[in-house]
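Colleague: I am new to reading protein models, and I would love to go through one with you. Could you show it to me first?

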Amino acid sequence: MTDILNLLRSNIRTLVPYSSARDEYKGEEAVFLDANENPYNQPLNRYPDPLQVKLKARIASIKQVKPGQIFLGNGSDEAIDLLFRAFCDPGTDNVVAIKPTYGMYKVCADIHNVEYREVLLTSDFQADVKQLLAAADSHSKMLFLCSPNNPTSNSLEAADILALIRQFQGIVVLDEAYIDFSTRPSMAAKLREHPNLVILQTFSKAWGMAGIRLGMAFASETLIGVLNKIKYPYNINILTQRAALQVLSGPSQRDAWITLILNERSRLQQALSGLPLVKQVLPSDANFLMVQFEQPREVFDFLIARKIIVRDRSRVPLCEGYLRITIGTPLENDLLLQALKDFNSPPTLQNL
Ligand SMILES: *Cc1c(COP(=O)(O)O)cnc(C)c1O
């Protein structure tokens, strides 16, 4: 693997970043007359910490990485977008990705006018290492992997991920949005050996904070330094930084939620598998189930009429006939099961 700085777009390599007032003076207790803020309406009157130092210190100790190896973004999507800005020359470079997977990688490639090369997963939903490497050329700057994968709900084999990290001659972006629901460990422990690895995690799933928009990227300090250089100066607002700090500083319900969701996942998996209209339920390492139906469209519409919204993935390659169902509360899951039992059964007098 060459120096990752050689993979950067030349304009990014030479960029002199914007220097904000809060970059130049980082102290706390002071008379702040430097940033043209309103002196009233504390604390929201102040610009947020551009590098989120306190929050990163907490995350670093939890995730066993250095603070300098963490980038925080407005959702994982910001990190994905910045990676394209940093590494891909529009119209020239390309990226490689597994298919099917999270839709945002392709949207981001399209926005940046970067060719998106997709390689179908194998029939058991694993990465096709040979084909992924064969799809790459000297303009392939990034490879997108997602494990556990959305929408297929399984984990990719660690040996395959490592082989790709070793052999792909660019940045490997490994999206671990669902890692907290998996029995497999995060690849974060491998960051030191692999300067081309970027791991994405998020506060949107296990932490239950999709609304505050906070995504994490872990990588080498060099690579994180590049993202810091090109991000909006104040990309994480004060409310988000406070909410995250608060949740990481006290006792959190996260582990209890994960246990509850995993218990419900196996209960739902069993109950769904026993329904005549269900063809099969894929094993899941995430907080959702892929459920194959004989009549996916009809079931989807029937559920909507009951105000139960699931995701129709039935036209996605390798996922024909599948609906993606997020694990809800026990009550919500019961409502889903009851609705599915009512599908096709003649209406009772009560319902008429
Ligand atoms: C839900 C999800 C995310 C989370 O994105 P945020 O922008 O952090 O909310 C990231 N990657 C995948 C694959 C997801 O399914």
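Colleague: Which residues of helix α7 are buried?

Modeller: Please keep in mind that this is a predicted model. In helix α7, residues 158–167, the buried residues are I161, L162, A163, L164 and I165.

Colleague: And what covers the buried residues of α7?

Modeller: The cover includes two kinds of element: the helix α6 (129–134), and the strands β4 (140–146), β5 (171–175) and β6 (197–202).

Colleague: Let's turn to N45. Why is N45 called buried?

Modeller: Buried means under 20% relative accessible area. N45 has a relative accessible area of 11%, so N45 counts as buried.

Colleague: Where is N45 found, and what is N45 in contact with?

Modeller: N45 sits in the loop between α2 (21–24) and α3 (53–63). Leaving aside neighbours within four places in sequence, N45 touches E37, N38, P39 and Y40.

Colleague: What makes the pairs of N45 with P39 and with Y40 polar contacts?

Modeller: The cut-off for such a pair of N or O atoms is within 3.5 Å. A polar atom of the N45 side chain lies 3.4 Å from the backbone oxygen of P39, and the backbone oxygen of Y40 lies 3.4 Å from a polar atom of that side chain too. Both values are within the cut-off, so both pairs fit the distance part of the definition.

Colleague: Now the helices. Why is α4 called oblique to α5?

Modeller: The axes of α4 (residues 76–87) and α5 (residues 104–111) come within 10 Å and cross at roughly 40°. Angles under 35 degrees count as roughly parallel, and 65 to 115 as roughly perpendicular. An angle of roughly 40° falls in neither range, so α4 is oblique to α5. The crossing is right-handed.

Colleague: Which residues make the contact of α4 with α5?

Modeller: On α4 they are D77, I80, D81 and F84, and on α5 they are M104, Y105, C108 and A109. By class, this contact has 6 nonpolar, no polar and 2 charged residues.

Colleague: How do you know that α4 is roughly perpendicular to α8?

Modeller: α4 and helix α8 (residues 221–230) pack at about 95°, with their axes 10 Å apart. The range for roughly perpendicular is 65 to 115 degrees, so α4 is roughly perpendicular to α8. Here L82, L83, R85, A86 and F87 of α4 meet L223, V226, L227 and I230 of α8. These residues divide into 8 nonpolar, no polar and 1 charged.

Note on methods
Residues numbered from 1 in each chain as written. Predicted model: local features only at pLDDT ≥ 70, side-chain atom pairs only at ≥ 80, totals over all residues. Heavy atoms only, no water. Axes fitted to C-alpha atoms, helices over the stretch in contact; angles between N-to-C directions. Helix = DSSP H or I, 4+ residues; strand = E, 2+ residues; numbered from the N terminus. Parallel < 35°, antiparallel > 145°, perpendicular 65-115°, else oblique. Left-handed = near helix turned anticlockwise from the far one by under 90°. Contact = heavy atoms within 4.5 Å. Nonpolar A, V, L, I, M, F, W, Y, C, P; charged D, E, K, R; others polar. Buried < 20%, exposed > 50% of the residue type's maximum accessible area, 1.4 Å probe, protein only. Polar contact = N/O pair within 3.5 Å; in protein donor to acceptor, adjacent residues only side chain to side chain.
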